[in-house]
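Trainee: Hi! Could you walk me through this one?
Mentor: Happy to. Let's have a look together.

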Amino acid sequence: MSHLGGLGSRFLGKLALGFLVVAAVGWGWFAIECGNGVSAAGGPAESNGEYRVLAPIESGNLLLYPVVRANGKQGGESQFLTLDEGFKSGSVEVTEAGKVRGLVRGRDNGPAIVGGDQVNTLVLVNNSSQPLLLLAGEIVTGGKQDRVIAKDRIVPPGGDPIDLSVFCIEPGRWVESSPVFGASSKAPVAGIMVQPTVREQAMVARDQQQVWNSVHGTIAALAAAPAATGGPMMPSPAPPTTSYAKAMQSEGFKAKVDEAAAPLMQSREAILAQLKKEGAVGVVVAVRGEIVWADLFSSPDLLSRYWTKLVRSYAAESLSPGETHATPTVADAQRFLETTSGGTETSEGSVGIYRYREVRSGGTETFVLESLLPDAKYDVHISKLKLRNAERRPRPVSFHGTMPPPPVPQLVPPVPVEPRPMLD
């Protein structure tokens, strides 16, 4: 039975839920503190890093391990605007490249782009007074195809149109459904984020065909998946669709995801209140006992604003078929988060706005979005994933703007060799 492993007896009285909640030992905040570790379900987890993992919340095949800062510090309200908030207020506009007239700055303030509509390019305008935060995996619907944002980035305010890197998640359509894009109006509470399997292809593989293959695979898997409780299969979308967003909005798919996410969504406000109280800034995600992902933010405020979108993406992932593993301990989740020494790192970004770093090490890939804005110099979002299905393609190092080039390594001149006389 799905249960909330982390709400403890002193918190249960505040929940007005329409389903049975089974309280177990409580989240990590009810555990016994032991030095710099924490005793919780699964044993102690030594944390000598920046983050500390707490005991998980359980929902069917899904486990979410809340993450707090090891030093106990909590960030305040975030100055960043989310994509859903920008669409709702009308201050953020996204459209096909061919709709824009005049100069459009290229990716990350690079060369201007011209020409007609393109599969992997959209144009975004941030007319708000706040910097806009975009996360890889967020979906924008409309235009000639639904798209997914390819990487995290920050868009400064000011209304300057920028070239937005995207991948298509609706193969087969190239006919305009609306002149502008938005988060799906049918999505519950917030827009849609693709599940980790598809998100991994956009972030790591960075290949349109692999993204399409992943979309086809996840739609087929969800169509065949039984209800989260093991009941009869629910109907697949009718008529059939190749669009990830449309599939997720269909009655059959939406019902399955709703059920898988029910313990986390029906008590959403209560959970978020407790997460904020304890200063949780992210979660480690395990599906069928396998730790596959982590999302960390700069503050509990940002986590709460993305909670619905993230939880539903994780719930969709939990419905896909796969091998079942033993339940990970808190220590297992802690080890997943800890930085592994060595590995390779690349970075790109926009001078004075953001830096986007990618680190590959030990079978994992970590993506760090760092704000370079004058009043917000810190890591805004970190994604860490277990490499499973993506074939990694090298990302060229790029950093547009006026940043000076890296120093040229000094080459040691060759030692001259004296010619030897020819032997008779």
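Mentor: One term before we start: a residue counts as buried when its relative accessible area is under 20%. Keep in mind that this is a predicted model.
Trainee: Okay. So how many residues of helix α3 are buried?
Mentor: Ten of the ten, from residue 196 to 205, so α3 is largely enclosed by the rest of the structure.
Trainee: Which residues are those?
Mentor: Among them are Pro 196, Val 198, Met 203 and Val 204, and also Arg 199 and Glu 200.
Trainee: And what follows α3?
Mentor: Arg 206 does, and its phi is positive, near 55°.
Trainee: Switching to strands. What's the order in the open sheet of six strands?
Mentor: The order is β8-β9-β14-β12-β11-β15, and the pairing is antiparallel.
Trainee: Which ones are the edge strands?
Mentor: β8 and β15, because each of them pairs on one side only. β15 covers 181-182.
Trainee: Is β8 largely enclosed or left open, and why?
Mentor: Largely enclosed by the rest of the structure, because four of its five residues, in the stretch 92-96, are buried.
Trainee: How many bridges join β8 to β9?
Mentor: Five, and the two strands run antiparallel. Strand β9 spans residues 121-126. To find one bridge in the viewer, look for Thr 95, whose partner in β9 is Val 123.
Trainee: What about β15, how does that pair with β11?
Mentor: In the antiparallel sense, over two bridges, with β11 made up of residues 139-142.
Trainee: Which residue in β15 is the bridge partner of Thr 141?
Mentor: That's Gly 182.

Terms used. Residues are numbered from 1 along each chain as its sequence is written. This is a predicted model: local features need pLDDT of at least 70, side-chain atom pairs count only at pLDDT 80 or more; totals for chains, interfaces and linings use all residues. Side-chain values use heavy atoms; hydrogens and water are left out. Buried means under 20% relative accessible area, exposed over 50%, partly exposed in between (1.4 Å probe, protein chains only).
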